[in-house]
Amino acid sequence: MGILLVGLIGLLVSYFYIDYELNAMYGSHVGQVDSNQFKRPQENVLIRNVSIFSTDSLVMVPGQFVYISGGKIRSVDSISPAIDDAVILDGTDKYLIPGLIDSHAHLLRSPNDLLLYLANGVTGIREMTGTEQHLQWKADIIKGERPGPELFICSKKMNSYRGFKKYMTEWTQPVIAIDEGTEVAAKIKTLKSKGFDGLKIGTFLDREHYLMVSEQSREQGIRLVGHIPLEVSLEDLWQSNQKEVAHIEEFMKFLNREFGGYTSENAQEFLAYVQSRGNQLSKQIAAKGITVTSTLWLMQSFVRQKADLPKLLSEVRLTYANTGLIEGTPITSRGLGWLPKVNIYRWPEGMSPKEKEDSKIYWQTYAKANEILLRSMVANGVTVLPGTDANCPVTVPGFSLHDELTSLQEAGMDPRAVLEAATKKASAWMGNNTGSIASGLDADLVLLSENPLSQIGNTRTIEGVISKGRWYPKETLDNMLRAVRERNNESRSIPIDGF
């Protein structure tokens, strides 16, 4: 009995320790910023003499007066409306764009990220690992009780796991484990009733389960998004209810399987194959009405996360990233860590110089293949939405969207098309009443000091943000960032001064 008691105590201690570390790794233990200090009322706002991004996404229209009341844009005109009571903002030599949207984000377990998004002009995100906690944050934001972007919340990714692995995976990872086909309809019904906006498909969902999820999502009227499972063919995808693929990378990986698997030795042949096959594939994607989310910057970062991580960490806004995420956990070396000893994309120990060089070629090719497919998709009319996979190493929420927009422009997209994709097209996909500067739309707007159509990186020159008619001046946005940084520093156990 004594041995059994000691064993039971050991199991309980192990359980609580592992659970504690998992919560830490997903960001639960960083102190929450008191967001009440940043709550703003909906006001009457008049932005005078500002250049606005046109509704046809072609030009900046100068000398416009934009009047906002009750959380909505009431008028857009070259003549000032007659109003008596409004906050007056001088838009002279400034540029007004719709609020930006990150179409692939992961909030995980820290609401501080909501402030990072607003401070970066991101007034909408699509959450791709949704939880009931996120649903509560969404309700709080809608009621004006918490500052934050508009949330479109997809479920945790669905994968097929059986037996003991099913329970372990659901405990340790943000996953919905599908075992028996009979549970699919009930799971989807429950998710929809709780308020989830979409279902996310994982890489390891069996083909049988994929077809069931597709059919049930169609029958129950809920969006289906995410990865292309390894067992699923393109024909399965074309016939399915899945109308969004969460990464350009998913199609690149399919072409790699079709090619037979590239290596450093035949990398150039693979790129030529992607170039020749990409147009045909992109035409099929467009014909099926499937939207693709980009996450290009992350793909480009893989080689640097392996070969040049310290310098890359010095370039991103590391101080704003959730401390639990970047520091990882001692219970696994392949969790969500960002720093050199725990980074999940790092090279394994003991690699030879030749192996490292081959790996560099492989991952450089990986990024180039994604860039080739992006250009093919844009040229063939595929809707590509900017998304970042925020909170994956080393994508800092809010800041990472500006990096993504720059990567899209450098890969060949016109700044006008990039800005339209991050505003009008992303809003239309999510069904938001935003995305343009026009009367009757919700007032989600960003005021800039530089023209983003001359260089998309100018989306960083934020003078203020309007979220559902609430005006957040630059001073308030800076205070949001300061508050998050201070909370992170209070919980930091590994110094990041070297980065």
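Biologist: What covers the buried residues of helix H3 (residues 132-142)?

Modeller: This is a predicted model, in which local features need pLDDT of at least 70 and side-chain atom pairs count only at pLDDT 80 or more, while totals for chains, interfaces and linings use all residues. Residues are numbered from 1 along each chain as its sequence is written, and side-chain values use heavy atoms, with hydrogens and water left out. The buried residues of H3 (under 20% relative accessible area, 1.4 Å probe, protein chains only) are His 134, Leu 135, Trp 137, Lys 138, Asp 140 and Ile 141. Their cover, counted as heavy atoms within 4.5 Å, includes helix H2 (112-119), strand S7 (122-130), S8 and helix H5 (184-194), the helices (H or I, at least four residues) and strands (E, at least two) being DSSP runs numbered from the N terminus.

Biologist: Which backbone nitrogen does the side chain of Asn 159 reach?

Modeller: Asn 159 lies in strand S8 (residues 150-160) and counts as buried because its relative accessibility is 2%. Leaving aside residues up to four places away in sequence, Asn 159 touches Val 175, Ile 176, Ala 177, Ile 178, Gly 202, Thr 203, Phe 204 and Leu 205. At 3.3 Å, its side chain reaches the backbone nitrogen of Leu 205.

Biologist: Which residues of helix H15 (residues 415-430) does helix H14 (residues 399-410) meet?

Modeller: After H3, attention turns to another pair of helices. From H14, the residues involved are Leu 405, Leu 408 and Gln 409. Across from them in H15, the residues met are Pro 415, Val 418 and Ala 422.

Definitions and conventions
Buried < 20%, exposed > 50% of the residue type's maximum accessible area, 1.4 Å probe, protein only. Polar contact = N/O pair within 3.5 Å; in protein donor to acceptor, adjacent residues only side chain to side chain.
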